[in-house]
Amino acid sequence: MEKDPRNLAADLLHLRGQGLSKGDPVALPLVSSSMFHLPGDPDAVASYGRVDNPTWQALEHSLAVLEDAPCVAFPSGMAAISAALFATLTAGQTLLIPSDGYYVTRLLSTRFLSQLGVRVIQRPTVRFSEGGFDGIDVVFIESPSNPGLDLCDIAAIAEKVRAEEGITIVDNTTMTPFGQRPLALGADLVVSSDTKAPGGHSDVLMGHVATRDAALLEAVLDWRKISGAIPSAHAAWLLHRGLETLEVRFDRMCQSAQTIAQALEGHKAVQAIRYPGLAGDPAHVLAKRQMLRFGFLIGLTLADKDQAEAFITASRYLRPATSFGGVHSSAERRIRWGDDVAEGFVRLSVGCEPVDPLLDDLLSSLDNLA
């Protein structure tokens, strides 16, 4: 039975404390060492900094509580995605990826995996099941898609992929374990860029892979050890600290995003809006069934490039920056990275500001465009 996320949040806050001895520090120590005292045979103790680190292990323990599955930490979201793909694919196999998902996943697949003999197929998220999964070895899902916020049915796809003896990987970066639980929906692996909401303060690059499959876990661990795609102890420490407030921050961000999306939906400067929590959103029915929350990302389509840039620039409480999930609300015009979106499409990441002044600021900026 899947655990209640509220209980997971409570468990997380006391995870370290329940194992402390008298006089131990309550806060996680930061251990930065490339070498460990190792006389004689290794005997399953910490041996070398590319393989072992107590700060990583504490972080992975916390991530495992959130995912309710063993986790492996990586120095970025793309490092986690790379590990999941390289650990599951070999030459001659076929990979299915979203054509409208994160563009760097597409670059990794089409520029590098394809050169190693992996056949890469792309489908849009809303039509991801069309064509079936016969002959596809690994299916990589993004739902909601980034940046368009389209959804696909994770449980239905995972069931069909498993029937064809394939592997399903879900990128859950936009939702976090508090907003969506892909492993419970049948995914074999989950990847996440913890640079986003889990870290939360725009000061760390991190990612992780989660799986309940022992063989897949071992393959991912081997990839990290052999490739050297390891996080720094300091980054792991920062993420561990960020996780302790994730549930509170995520709750605030989702509530504010719902309020803001409803307020912006009818604004005359907004040509289109995407937010799964809106009753009229194409993904709303599936979102209610599949997701625990509707998230903190909103897609806005304004008239053109100039209007989009003017909206972002004039907003006092928006940081014009790439990435998302920080405590500060941010926004960017995504076509500048090559995404297949309109010139005036803005990905808005709602932060932790009090919602009333944030909404007033956004409305004021939009009013100046109309």
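Here is a short walk through this predicted model, from its strands to its cavities and its cysteines.

Let us start with the open sheet. Five strands make up this sheet, in the order β8-β9-β12-β11-β10, and their pairing is mixed. At the edges you will find β8, residues 272-274, and β10, residues 319-320. Each of these two has a single partner strand, so one side of each is left without a neighbour in the sheet. For β8, look at its pairing with β9, which covers residues 297-301: the two strands run in the antiparallel sense and are joined over three bridges. To find your place in this pair, look for Ala272, which stands opposite Thr301 in β9. As you follow a strand, it helps to know that side chains in a regular strand alternate between the two faces of the sheet.

Now move to another pair of strands. Strand β2 spans residues 94-98 and strand β3 spans residues 119-123; they pair in the parallel sense, over five bridges. Here Ile97 is a handy marker, standing opposite Gln122 in β3. Together with helix α4, residues 103-113, β2 and β3 form a β-α-β unit that is right-handed.

Next, the spaces inside. How many cavities of 30 Å³ or more does a search of the whole structure find? The search finds two. The largest holds about 40 Å³ of space. Its lining is made by Pro144, Leu149, Thr174, Met175, Pro276, Phe294, Gly295, Phe296 and Leu297. Sorted by class, that lining has seven nonpolar residues, two polar ones and no charged ones.

The second largest cavity has a volume of about 30 Å³. Around this cavity stand Leu12, Leu13, Arg16, Ser62, His240 and Glu244. This lining divides into two nonpolar, two polar and two charged residues.

Finally, consider the cysteines. The count of disulfides comes to zero. Why does Cys71 have no bond to another cysteine? The closest cysteine sulfur, in Cys254, is 20 Å from the sulfur of Cys71, and this is too far for a bond because a disulfide needs the two sulfur atoms within 2.5 Å. Cys352 is in no disulfide either: the nearest cysteine sulfur to it, again that of Cys254, is 10 Å away. Is Cys71 buried or exposed? Its relative accessibility is 9%, so Cys71 counts as buried, the cut-off being under 20%.

Technical notes:
Residues numbered from 1 in each chain as written. Predicted model: local features only at pLDDT ≥ 70, side-chain atom pairs only at ≥ 80, totals over all residues. Heavy atoms only, no water. 1 Å grid on protein atoms, 1.4 Å probe; cavity = no way out; pocket = protein on both sides within 12 Å on 5 of 7 lines; lining within 4 Å. Points joined across faces, edges and corners; volume = space filled by probe spheres on them. Nonpolar A, V, L, I, M, F, W, Y, C, P; charged D, E, K, R; others polar. Buried < 20%, exposed > 50% of the residue type's maximum accessible area, 1.4 Å probe, protein only. Pairing = 2+ DSSP bridges. Helix = DSSP H or I, 4+ residues; strand = E, 2+ residues; numbered from the N terminus. Right-handed = clockwise from strand over helix to strand, strands pointing away.
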